[in-house]
Amino acid sequence: MIDAEGFRANVGIVICNELGQVFWARRYGQHSWQFPQGGIDEGETAEQTMYRELHEEVGLKPEHVKILGVTKNWLRYKLPKRLVRQGSNPVCIGQKQKWFLLQLVCKEEDVDLLQSGHPEFDDWRWVSFWYPVRNVVSFKRDVYRRVMKEFSPTAMPESVVQHQGGFQKSKRRRKA
């Protein structure tokens, strides 16, 4: 669903653990890492899209997570000109996103990046809360900063806030 301004409606998903770390996934066959996200289909609500994308991209079901928050507003980013498909109608110039903050309430082993026939990701790990803002592709950085700022009071336990990112990355986890 692309709006009159050329932005595709989309959801973004931040999954956190009890230590205030967040789920960071590597795009399949690439070197770039990001949060799960995906487009809203005709007739879907943002929440329905979030659960669909969560299952398609991460292999998790609604009972595996708890919704902790949703961004108040739609957040937008423009695609670099080289990524805009000029031949499409309507032309999509970027994404407008509703973001969901989820807490993982199942075992990490329940994550299954390869459950879909067309996996989006081939690896994942827990990273410190602010790590994605510094490490996402540059055109998404402002949206990531705004999302993490909005979610930080909810996602980060008080002990984590006091240490300001003192946690190190845990070992990588992959289901093959």
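Which helix does Thr49 lie in? Helix H1, which covers residues 46-58. We'll come back to that residue after a look at the whole chain, keeping in mind that this is a predicted model.

## The chain as a whole

The protein chain has 4 helices and 8 strands. Walk along the sequence and you get β-β-β-β-α-β-β-β-β-α-α-α. Contacts here tend to reach across the sequence: among those with a separation of 6 or more, 73% are between residues 24 or more positions apart.

As for burial, 47% of the 176 residues count as buried. The chain exposes about 9600 Å², and carbon and sulfur atoms supply 48% of that area.

## Thr49 and the annotated motif

Back to Thr49 in helix H1. Its relative accessibility is 0%, so Thr49 counts as buried. Setting aside residues up to four places away in sequence, Thr49 touches Val11, Gly38, Gly39, Ile40, Asp41 and Glu44. Take Gly39 from that list: Thr49 and Gly39 are 10 residues apart in sequence, with their C-alpha atoms 7.4 Å apart in space.

There is a record to set beside this. An unreviewed UniProt entry places the feature "short sequence motif: Nudix box" at residues 38-59. In the model, that stretch is 59% helix and 9% strand, and its end C-alpha atoms are 14 Å apart.

## Salt bridges

How many salt bridges does the count come to? The total is 10. One of them joins the side chains of Lys96 and Asp3, at 3.4 Å from N to O. Lys96 lies in strand S7 (residues 94-104) and Asp3 in the segment before strand S1 (7-16), so this pair ties together parts that are 93 residues apart in sequence. Lys96 and Asp3 are both buried.

Asp122 and Arg26 make another salt bridge, with their closest N and O atoms 2.8 Å apart. This pair also links distant parts of the chain, as Asp122 sits in strand S8 (residues 121-127) and Arg26 in strand S2 (residues 22-27), 96 residues apart. Are these two partners buried or exposed? Asp122 has a relative accessible area of 14% and is buried; Arg26, at 17% relative accessibility, counts as buried too. Both values fall under the 20% cut-off for buried residues.

Then there's Arg52, which forms a salt bridge with Glu44, the closest N and O atoms being 2.7 Å apart. Salt bridges with shared partners join Asp41, Glu44, Arg52, Glu53 and Glu56 into one network.

## Strands S6 and S7

Strand S6 (residues 75-78) is a neat case of side-chain alternation. Leu75 and Tyr77 point to one face and are buried, while Arg76 and Lys78 point to the other face and are not buried. That fits the general pattern, since in a regular strand the side chains alternate between the two faces of the sheet.

S6 pairs with S7 in the antiparallel sense, over 4 bridges. Within this pairing, Leu75 stands opposite Gln97 in S7. The loop between S6 and S7 holds Pro90, and a cis peptide bond joins Asn89 and Pro90, with omega at about 0°. For context, most peptide bonds are trans.

## Phe100 and its contacts

Phe100 also lies in strand S7. With a relative accessible area of 3%, Phe100 is buried. What is Phe100 in contact with, leaving aside its neighbours within four places in sequence? The list is Val11, Gly12, Ile13, Val14, Ala46, Glu47, Met50, Gly69, Val70 and Phe151. Separately, the C-alpha atoms of Phe100 and Gln37 are separated by 9.9 Å, though the two residues are 63 apart along the chain.

## The bend in helix H3

One of the Phe100 contacts, Phe151, brings us to helix H3. Where does helix H3 bend? The bend is at Lys149, by about 30°, in a helix that spans residues 141-155. A proline, Pro153, follows within four residues of that position.

H3 also has a set of buried residues: Val143, Tyr144, Val147, Met148, Phe151, Ser152 and Ala155. Phe151, then, is buried in H3 and is in contact with the buried Phe100.

Notes: Residues are numbered from 1 along each chain as its sequence is written. This is a predicted model: local features need pLDDT of at least 70, side-chain atom pairs count only at pLDDT 80 or more; totals for chains, interfaces and linings use all residues. Side-chain values use heavy atoms; hydrogens and water are left out. The bend at a residue is the angle between axes fitted to the seven residues ending there and the seven starting there. Helices (H or I, at least four residues) and strands (E, at least two) are DSSP runs, numbered from the N terminus. Buried means under 20% relative accessible area, exposed over 50%, partly exposed in between (1.4 Å probe, protein chains only). A salt bridge is a side-chain nitrogen of Lys or Arg within 4 Å of a carboxyl oxygen of Asp or Glu. Two strands pair if DSSP finds at least two bridges between them. UniProt positions are given in the numbering used here, feature names are shortened, and annotations may be inferred rather than shown by experiment. Contact means heavy atoms within 4.5 Å. Accessible areas come from the Shrake-Rupley method with a 1.4 Å probe; for residues, only the protein chains shown count as cover.
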